[in-house]
Each structure stands twice: as structure tokens, then as C-alpha cells.
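User: Could you pick one part of this chain and take me through it closely, including what sits around it? I'm at the bench rather than the computer, so plain talk is fine.

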Amino acid sequence: MTIQAQQDFSKYKWRNRILVFSSPSLSNEVFKDQLDSFLSTPKKLDDRNLLIFILVKGRIYDHNLNSVSHFDVSAVRKKLNMPVSYEGLILIGKDGASKLKKEYPVDPKQIYEAIDQMPMRQKEMRENIDD
């Protein structure tokens, strides 16, 4: 029995929101600054159940820049409409749908505010699920 590569982030559906970055390289300064701006707010990421993945050419990485091998990157790019040349990010909600697509630079506050307006997040805040 073979393990099929994931073509999307469905295994995280209803558990996590996903922030997918796309960059031409891991050493791209604009990308590095953008990633750092999010990683410098770990509580905000955690409170919102937000995971970070990075697409660079034909590879996908986690927030620690470790290569993740169980994804079909070309299928992920196609599904998210993120060509290799795209420099920006996409927010995927807990329902698995794309919620926001922005080119760099993006102020993290803009993403957090967009999440905080989502009905599921409003419910989480009322019920303190994230604390």
C-alpha cells in the first residue's frame, strides 16, 4: 500500500487555519521579513490555531523551514492558484476555503483582524476555546 501525497490541506480542516506563503526562494529578503513579522507574534498565531506553510518552487516547508515531503506541491499550487512566480500569501480558513490572498508586504495585523471577523473565530473568542 502506497501513501498518496496530499493535494491540499484537508487533513487540517476544522482544526487549523493555514497561512501559505509563496516565494521564489527561502533567501528572498522580502519573504524572510514577511515570515519574521508573523513568527514574532507566536501567541497571536497560536490563539487563532494558525499554521504556516511555505511554497518555494517545487517544495513545501513548515514555519521552521523544514521540508515537508507528504504534499503534491504542484497540485497545492494549482488548487490555491499560486503560480511559482507568485510572491504573497493565502489565508485558508478552518473550513478549508481560501479567505484572503495578498501580495507582499502584508501587515500581520491585517490577517489577524480578518480572522477575528470570521464567525468561527467569533465563536471561539466567546467560548475561550483558544485559551
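Analyst: One term before we start: two strands count as paired if DSSP finds at least two bridges between them. Also keep in mind that this is a predicted model.

Let's take strand E1, residues 17–23. Some setting first. The chain has five helices and six strands, and from the N terminus on they run β-α-α-β-β-β-α-β-β-α-α. Its radius of gyration is 14 Å, close to the 14 Å that the globule rule gives for 131 residues, so the chain is as compact as a globular protein of that length. Of the 131 residues, 43% count as buried.

Now compare that with E1 itself. Seven of its seven residues are buried, so the strand is largely enclosed by the rest of the structure. Buried here means under 20% relative accessible area. The cover is on both faces: Arg-17, Leu-19, Phe-21 and Ser-23 are buried on one side, and Ile-18, Val-20 and Ser-22 on the other.

What lies along its edges? E1 pairs with strand E2 (residues 50–56) in the parallel sense, over seven bridges, and with strand E5 (residues 88–92) in the antiparallel sense, over five. Val-20 is a handy marker for both pairings: its bridge partner in E2 is Phe-53, while in E5 it stands opposite Ile-90. One place along, Phe-21 stands opposite Ile-54 in E2.

Follow E2 outward and the sheet goes on. Six of the seven residues of E2 are buried, so E2 too is largely enclosed by the rest of the structure. It pairs with strand E3 (residues 59–62) in the antiparallel sense over four bridges, and Phe-53, the partner of Val-20, has Asp-62 as its bridge partner in E3. E2 and E3 form a hairpin with two residues between them, and Lys-57 in that turn has a positive phi of about 50 degrees.

Then there's the packing. Nonpolar side chains tend to be buried together in soluble globular proteins. In this model, the largest nonpolar core has 19 residues, and Leu-19, Phe-21, Phe-38, Ile-52, Ile-54, Leu-89 and Ile-111 are the ones that touch the most other members. E1, helix H1 (29–39), E2, E5 and helix H4 (108–116) each supply at least two residues of this core, with E2 giving the most, at four. A second, separate core of 16 residues includes Phe-9, Val-20, Phe-71 and Ile-90. Put that beside the two faces of E1: Leu-19 and Phe-21 are on one side, Val-20 on the other.

Leu-89 is a good place to see how E1 meets its surroundings. Leaving aside neighbours within four places in sequence, the residues in contact with Leu-89 include Leu-19, Val-20 and Phe-21, as well as Phe-38 and Ile-111.

Ile-111 takes us to H4, where Pro-108, Ile-111, Tyr-112, Ile-115 and Asp-116 are buried. These residues cover an arc of only 135 degrees around the axis, which puts them on the same side of the helix. The spacing fits a general rule: an α-helix has 3.6 residues a turn, so residues three or four places apart point the same way.

Note on methods:
Residues numbered from 1 in each chain as written. Predicted model: local features only at pLDDT ≥ 70, side-chain atom pairs only at ≥ 80, totals over all residues. Heavy atoms only, no water. Buried < 20%, exposed > 50% of the residue type's maximum accessible area, 1.4 Å probe, protein only. Core = buried A, V, L, I, M, F, W, Y, C linked by side-chain atoms within 4.5 Å. Contact = heavy atoms within 4.5 Å. Arc of directions from axis to C-beta. Rg over C-alpha atoms; globule rule 2.2 N^0.38 Å.
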